[in-house]
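Student: Hi! Could you walk me through this one?
Tutor: Sure, let's open it up and look together.

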Amino acid sequence: MSGDLTELYQQVILDHNKRPRNRGKLPTANRVAHGDNPTCGDQCSVYLRLDGDRIADISFDGSGCAISQASASLMTTQVKGKTGAEAEALFENFHKIVTTGEAPEEISDLAAFAGVHAFPARIKCATLGWRAALSALHGDAVEPTTETHQD
Ligand code: ZN
C-alpha cells in the first residue's frame, strides 16, 4: 500500500470519527444489541429495524477509541438496506480485511481499516460494531419505543 493510499484510508476513519453517521438511539428499532471490548474500553450498542429480512434502518451509540467508533459508523452506512445475509457477507469481507490487511478492489471504504491487521489488539475494536449488529440481527425482537431514554 502506498503512502498516499494509507493517508486516504486514514481520512475515512478520521471523517467517520469526527462526523459519525447514524449515531444515537433508533426509536423504531425492533432489534437491539450491545457489545463491549474490555481490553480497550470500547462500548457499542446497535439499534436496527428489521423489515422482513431487510435492515430497513440502523443506528449505533457508544464510546471508545477512534477505530471502534469510526468502524461502527461506517458499518451502519454499509449494511443499511441490505438483507441479513448480505450484511453477514460484508462482515466476512471486513473481517478478512482487518485480519489479513488485504482488501478486494470492490470493497471501497471498508478497506480503510486494512492497516488494523498490523495491530492485532485493535481487531476487536474494528469488529465491535459489526459483532453487535450481527447479534442484533440474530437476537430476539424488541418493541419499538418512541422513548429515547433508557436509564
Ligand atoms: Zn478500541
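**Around the metal site**

Tutor: Let's start with cysteine 65, which counts as buried at 14% relative accessibility. Keep in mind that this is a predicted model.

Student: Okay! Why does cysteine 65 count as buried?
Tutor: Because its 14% relative accessibility falls under the 20% cut-off for buried.

Student: And which residues coordinate the zinc ion?
Tutor: Cys40, Cys65 and Cys125 each do so through SG, and Asp42 through OD atoms, at 2.1 to 2.8 Å.

Student: How are those donor residues spaced in sequence?
Tutor: The pattern is C-x1-D-x22-C-x59-C. Cysteine 40 and cysteine 125 link distant parts of the chain, 85 residues apart. Cysteine 40 is in the loop between strand E1 (31-37) and strand E2 (42-51), while cysteine 125 is in helix H4 (residues 123-138).

Student: Cysteine 125: buried or exposed?
Tutor: Buried, with a relative accessible area of 0%. Cysteine 40, on the other hand, is partly exposed at 34%.

Student: With those cysteines around, how many disulfides does the structure hold?
Tutor: Zero. A disulfide would be a covalent bond between the sulfur atoms of two cysteines.

Student: New topic! Where does phenylalanine 91 lie?
Tutor: In helix H3 (residues 84-100). Phenylalanine 91 is buried, with a relative accessible area of 9%.

Student: What is phenylalanine 91 in contact with?
Tutor: Leaving aside neighbours within four places in sequence, phenylalanine 91 touches Thr127, Trp130, Arg131 and Leu134.

Student: How far apart are phenylalanine 91 and arginine 131?
Tutor: They are 40 residues apart in sequence, and 8.5 Å apart in space, C-alpha to C-alpha.

Note on methods: Residues are numbered from 1 along each chain as its sequence is written. This is a predicted model: local features need pLDDT of at least 70, side-chain atom pairs count only at pLDDT 80 or more; totals for chains, interfaces and linings use all residues. Side-chain values use heavy atoms; hydrogens and water are left out. Donors are N, O and S atoms within 2.8 Å of the metal (3.2 Å for Na, K and Ca); water is not among the atoms, so sites may look incomplete. Helices (H or I, at least four residues) and strands (E, at least two) are DSSP runs, numbered from the N terminus. Buried means under 20% relative accessible area, exposed over 50%, partly exposed in between (1.4 Å probe, protein chains only). Contact means heavy atoms within 4.5 Å. A disulfide is a pair of cysteine sulfur atoms within 2.5 Å.
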